[in-house]
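Here is a short report on one protein chain and its ligand. Keep the sequence and the coordinates at hand while reading.

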Amino acid sequence: MRDTCKNLEIDTKIHTVEYNPEVVDNKAREKGKEINFIIGDLYDIEKVLPQDFMNSLKHPILITDDAHVNIANNLTYLNQFLEEGDYLFVEDLNPDSSNVIFDPFNFE
Ligand SMILES: C[S@@+](CC[C@H](N)C(=O)[O-])C[C@H]1O[C@@H](n2cnc3c(N)ncnc32)[C@H](O)[C@@H]1O
């Protein structure tokens, strides 16, 4: 994401959430000034991405979920911070997956 934005000369800040610090690649860490690595658990999204932080983000926001955990709860939480023109992607969504128990086009 960071390289794509850089190549397209998009001035942006990237925040990424991961609960296992060991999977964060060293090359990515070296780009630490441009990427904010947030170590936290997406089963506790209100703590990991608190309201103050979310409200401080400059729009447009692009959110992409690729953790495949607690999806309905997390999309519902994040939805309150989105405005017209923002984007929210859920990667690799499998409709047969047991944790997808909502209509992604009709969540509150
Ligand atoms: C499919 S991988 C994402 C890979 C990443 N998008 C990339 O391109 O490098 C899913 C990641 O979600 C993380 N993850 C799983 N459960 C999580 C949780 N409860 N909180 C935060 N991260 C979690 C895993 O450790 C894993 O690194």
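## Overall fold

The protein chain holds 5 helices and 4 strands. Read from the N terminus, the order of elements is α-β-α-β-α-α-β-α-β. Of the 108 residues in the protein chain, 4% are buried. Among contacts with a separation of 6 or more, 52% join residues 24 or more positions apart.

## Confidence

This is a predicted model. The mean pLDDT of the protein chain is 86. A value of 70 or more is reached by 83% of its residues.

Confidence varies along the protein chain. Helix H4 (residues 51-56) has the highest mean, at 98. Helix H2 (residues 26-30) has the lowest, at a mean of 80. Where pLDDT is low, predicted coordinates should not be read in detail.

## The ligand shell

Which residues surround the ligand? From the first domain's range come Val 17, Glu 18, Tyr 19, Asn 20 and Val 23. The shell also includes Asp 41, Leu 42, Tyr 43, Asp 66, Ala 67 and Val 69. By class, the shell divides into 7 nonpolar, 1 polar and 3 charged residues.

Why does the ligand lie between the two domains? Domain 1 (1-40) and domain 2 (42-108) both give residues to its shell, so the ligand lies between them.

## Ile 39 and strand E2

Ile 39 sits in strand E2 (residues 35-39). Is Ile 39 buried or exposed? It counts as exposed, because it has 12 C-beta neighbours inside 10 Å and the cut-off for exposed is 12 or fewer.

Ile 39 and Val 17 are 22 residues apart along the chain. Their C-alpha atoms are separated by 5.8 Å. Val 17 is itself one of the residues around the ligand. Leaving out residues up to four places away in sequence, Ile 39 touches Glu 18, Tyr 19 and Pro 21. Glu 18 and Tyr 19 also belong to the ligand shell.

## Tyr 43 and its partners

Tyr 43, another residue around the ligand, lies in the loop between E2 and helix H3 (45-48). With 13 C-beta neighbours inside 10 Å, Tyr 43 counts as partly exposed.

What does Tyr 43 contact, apart from its neighbours within four places in sequence? The partners are Val 69 and Asn 70. The C-alpha atoms of Tyr 43 and Val 69 are separated by 7.4 Å. Along the chain, Tyr 43 and Val 69 are 26 residues apart. Val 69 also takes part in the shell around the ligand.

## Backbone features in the loops

A cis peptide bond joins His 59 and Pro 60. Its omega is about 5°. Pro 60 is placed in the loop between H4 and strand E3 (62-65).

Glu 9 and His 68 both carry a positive phi without being glycine. For Glu 9, phi is near 55°. Glu 9 lies in the loop between helix H1 (2-7) and strand E1 (14-18). Glu 9 counts as exposed, because 6 C-beta neighbours lie inside 10 Å.

For His 68, phi is about 65°. The loop between E3 and helix H5 (71-79) holds His 68. This residue is partly exposed, with 15 other C-beta atoms within 10 Å. Its sequence neighbours Ala 67 and Val 69 are both among the residues that surround the ligand.

Definitions and conventions:
Residues are numbered from 1 along each chain as its sequence is written. This is a predicted model: local features need pLDDT of at least 70, side-chain atom pairs count only at pLDDT 80 or more; totals for chains, interfaces and linings use all residues. A residue is near a molecule or strand if its C-beta atom, placed from the backbone, lies within 6 Å of it. Ala, Val, Leu, Ile, Met, Phe, Trp, Tyr, Cys and Pro count as nonpolar, Asp, Glu, Lys and Arg as charged, and the others, Gly among them, as polar. Domain bounds come from an automatic or database domain assignment. Helices (H or I, at least four residues) and strands (E, at least two) are DSSP runs, numbered from the N terminus. A residue is buried if 20 or more other C-beta atoms lie within 10 Å of its own, exposed if 12 or fewer, and partly exposed in between; C-beta atoms are placed from the backbone. Two residues are in contact if their C-beta atoms, placed from the backbone, lie within 7 Å. pLDDT is the predictor's confidence in each residue, from 0 to 100.
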